[in-house]
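A student and a tutor sit down with a structure that is new to one of them. Their questions and answers are set out here.

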Amino acid sequence: MIDLVLFDMDGVLAEVDKSARATWLGALAGCRAEDVQQALWDSGFDDQGDDGRLRGEAYLTAFGQVLGYPLSVQEWAEARRIATRPKPEVLSLVARLHPRIGRAVLTNNADILPGCMAMICPPVATLFGGRIYASGAFGSAKPDPAVFLACLKQIGVRPEHTLFIDDRALHVEGARQAACHGLLFTSAEALEAELNRYGLLRPVAEMSA
């Protein structure tokens, strides 16, 4: 029996335009978007936030040093907000989950992200409340099975009672290795069919009644 649906963020609940984020950060720091791309992502720097090697203020300080600009947490969140577009067709499925089914987010990101979600993507913050988790807080990143186990331990749900949804097959396989049910996201329509197959969705008519 499924007690919890655990969602990935980027690519599932929202589309993320990394180039828009790089352009905004470049304008802030007075450099080209290509330089931001190289400094933060191509270099592997941001992976240190995802896997928890850099956390909290240490992550933000190092981020600013790499960027060449002393970034505030509000500016970091604003760059994410500009790049993030929620997917209403997927969020409507989250809202249709049966009340008995828990919902949570596990995203590869720095540990400061959950506290910024209300600014970055208000619809996701509203739907998931305090159950938004970043891999950096657990000292590992997807697809490592350990990050799923650590997250679910904090939530208090067994992995075999969890359905994990991600748009990357490697991450889905990591969840399965942690004994979760795993589902590869391809479209909202396919997701709706799978959630119905598991018996997790309320009918649309019930939602409008």
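What follows is a conversation about a predicted model.

Student: Into which domains is the protein divided, and what distance separates their centres?
Tutor: An automatic or database assignment divides the protein into domain 2, which covers 17-83, and domain 1, which is made of the two stretches 4-15 and 85-198. Taken over C-alpha atoms, the centres of domain 1 and domain 2 are separated by 23 Å.

Student: How many residues does each domain bring to the contact, and what area is buried between them?
Tutor: With contact taken as heavy atoms within 4.5 Å, domain 1 brings 19 residues and domain 2 brings 18 residues. Carbon and sulfur atoms give 56% of the area buried between domain 1 and domain 2, and that area is about 1500 Å².

Student: Which residues of domain 1 lose the most area to domain 2?
Tutor: Three residues of domain 1 stand out here, together making up 36% of what that side buries. They are Ile112, Met119 and Ile120.

Student: How many salt bridges are counted between domain 1 and domain 2, and which residue forms a salt bridge with arginine 80?
Tutor: Between domain 1 and domain 2 the count is 1 salt bridge. For arginine 80, the closest N and O atoms of its salt bridge are 3.1 Å apart, and the partner is aspartate 10.

Student: Which residues lie nearest the centre of the largest pocket, and how does its lining divide by residue type?
Tutor: The largest pocket holds about 460 Å³ of space, and each of the two domains gives at least three residues to its lining. Helix H1 (18-29) and helix H3 (47-50) each supply at least two of the lining residues. Of the 18 residues in the lining, Asp10, Lys18, Asp50, Asn108 and Arg168 lie nearest the centre, and the lining as a whole divides into 2 nonpolar, 4 polar and 12 charged.

Student: Where is there a cis peptide bond, and which residue has a positive phi although it is not a glycine?
Tutor: Most peptide bonds are trans, and most residues other than glycine have a negative phi. In the loop between strand E5 (132-134) and helix H9 (145-155) lies proline 143, and the cis bond, with omega about 15°, joins lysine 142 and proline 143. In the loop between helix H10 (169-177) and strand E7 (181-184), the residue with a positive phi of about 80° is alanine 179.

Methods: Residues are numbered from 1 along each chain as its sequence is written. This is a predicted model: local features need pLDDT of at least 70, side-chain atom pairs count only at pLDDT 80 or more; totals for chains, interfaces and linings use all residues. Side-chain values use heavy atoms; hydrogens and water are left out. On a 1 Å grid over the protein atoms alone, a cavity is a set of points where a 1.4 Å probe fits but cannot get out, and a pocket is an open set with protein on both sides within 12 Å along at least five of seven lines; lining residues have an atom within 4 Å of a point. Grid points are joined across faces, edges and corners, and a volume is the space filled by probe spheres set on the points. Helices (H or I, at least four residues) and strands (E, at least two) are DSSP runs, numbered from the N terminus. Ala, Val, Leu, Ile, Met, Phe, Trp, Tyr, Cys and Pro count as nonpolar, Asp, Glu, Lys and Arg as charged, and the others, Gly among them, as polar. Buried area is the accessible area (1.4 Å probe) that two parts lose on being put together, summed over both. A salt bridge is a side-chain nitrogen of Lys or Arg within 4 Å of a carboxyl oxygen of Asp or Glu.
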